Amino acid sequence: MGSLSAGSTMPRFQAQASDAQAVETFFASYPELGHLRVRRRGDLLTLESGPSDDPHRHARLRRATVHLWRLEMPDSASRWSPTPWRDHLKVLLEMLVQQFPWTLAL
């Protein structure tokens, strides 16, 4: 087996199309959140709304391991900031809806 060379990083787990579909299915049960869409790129699922050429970014989920995700939120300067929350995708989505509903509002 080979080892990682100095300066190399562990491979990241990618967000899959099925992960994005799971988020869309989750939000489908909340009609008031019909404005949200999911964009998948690399290890990220970004929750956004508005025009695709100038989206409003609500939150994003970064895949940390095979089963765990980390929640990130935009700060006042519209930069992404990690939060202390890391859990299964559905747990983080439920947290967003129940504890931080204003982050998902229009």
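Begin by selecting Val 23, Phe 27, Leu 45, Leu 47, Leu 61, Leu 96 and Leu 104, which, of the 23 residues in the largest nonpolar core, touch the most other members. The model on your screen is a predicted one, and this core is a good place from which to explore it. The elements that give two or more residues to the core are H1, E2, E3, E4 and H2, and H2, with six residues, gives the most. As background, nonpolar side chains tend to be buried together in soluble globular proteins.

**The whole chain**

Now show the whole protein as a cartoon, in which you can look for two helices and five strands. If you follow the chain from the N terminus, the elements come in the order α-β-β-β-β-β-α. Of the 106 residues, 36% count as buried, and if you switch on the surface, you are looking at an accessible area of about 6900 Å², of which 54% belongs to carbon and sulfur atoms. Among contacts between residues at least 6 apart in sequence, 34% join residues at least 24 apart.

**The sheet**

Select the five strands next, and you will find an open sheet with the order E1-E2-E3-E4-E5 and antiparallel pairing. E1 and E5 stand at the edges with a single partner strand each, so one side of each has no neighbour in the sheet. As you rotate the view, note that neighbouring strands are turned against each other by 25° on average, with direction ignored.

Within the sheet, select strand E2, residues 44-49, where six of the six residues are buried. Both faces of this strand are covered, with Leu 44, Thr 46 and Glu 48 buried on one side and Leu 45, Leu 47 and Ser 49 buried on the other.

Add strand E1, residues 37-41, which pairs with E2 in the antiparallel sense over five bridges; to see one of these partnerships, select Arg 40 together with Leu 45, its bridge partner in E2. The hairpin of E1 and E2 has two residues between the strands, and Gly 42 in this hairpin takes a positive phi near 60°.

On the other partner of E2, select strand E3, residues 56-63, which runs antiparallel to E2 and is joined to E2 by six bridges. Here Leu 44 stands opposite Arg 62 in E3. The hairpin formed by E2 and E3 has six residues between the strands, and Gly 50 in its turn has a positive phi of about 85°.

Moving one strand further, you can see that E3 and E4 run antiparallel and are joined by four bridges, with Arg 63 standing opposite Trp 69 in E4. While you are in this region, select Leu 61, which, with neighbours within four places in sequence left aside, is in contact with Asp 43, Leu 44, Leu 45, Trp 69, Arg 70, Leu 71, Leu 89, Leu 92 and Leu 93.

**The last helix**

Turn now to helix H2, and select Leu 89, Leu 92, Leu 93, Met 95, Leu 96 and Val 97, which are buried. What covers the buried residues of H2 includes helix H1 (17-28), E2, E3, strand E4 (69-74) and E5, and you may find it helpful to colour each of these elements separately.

**Aromatic pairs**

Show the aromatic side chains, among which a search of the whole structure finds four aromatic pairs. The rings of Phe 26 and Phe 27 have centres 5.4 Å apart and planes at 80°, so this pair is edge-to-face, and both Phe 26 and Phe 27 are buried. Another pair, formed by Trp 85 and Phe 100, is tilted, with 5.3 Å from centre to centre and 50° between the planes. Trp 85 lies in strand E5 (residues 80-87) and Phe 100 in the segment after helix H2 (89-99), so this pair ties together parts that are 15 residues apart in sequence. Trp 85 counts as partly exposed at 33% relative accessibility, whereas Phe 100 is buried, with a relative accessible area of 15%. Finally, add Tyr 30 to the selection, since ring pairs link Phe 26, Phe 27 and Tyr 30 into a cluster.

**Towards the end of the chain**

For the last stop, select Ala 105, which is found in the segment after H2 and counts as partly exposed at 36% relative accessibility. The C-alpha atoms of Ala 105 and Leu 33 are separated by 7.5 Å, although these residues are 72 residues apart along the chain. With neighbours within four places in sequence left aside, Ala 105 is in contact with His 35 and His 58.

Terms used. Residues are numbered from 1 along each chain as its sequence is written. This is a predicted model: local features need pLDDT of at least 70, side-chain atom pairs count only at pLDDT 80 or more; totals for chains, interfaces and linings use all residues. Side-chain values use heavy atoms; hydrogens and water are left out. Buried means under 20% relative accessible area, exposed over 50%, partly exposed in between (1.4 Å probe, protein chains only). Contact means heavy atoms within 4.5 Å. Accessible areas come from the Shrake-Rupley method with a 1.4 Å probe; for residues, only the protein chains shown count as cover. Two strands pair if DSSP finds at least two bridges between them. Rings of Phe, Tyr and Trp (its six-membered ring) pair if their centres lie within 6.5 Å; planes under 30 degrees apart count as stacked, over 60 as edge-to-face and the rest as tilted. A nonpolar core is a set of buried Ala, Val, Leu, Ile, Met, Phe, Trp, Tyr and Cys residues joined through side-chain atoms within 4.5 Å. Axes are lines fitted to C-alpha atoms, for helices over the stretch in contact, and angles run from 0 to 180 degrees between N-to-C directions.
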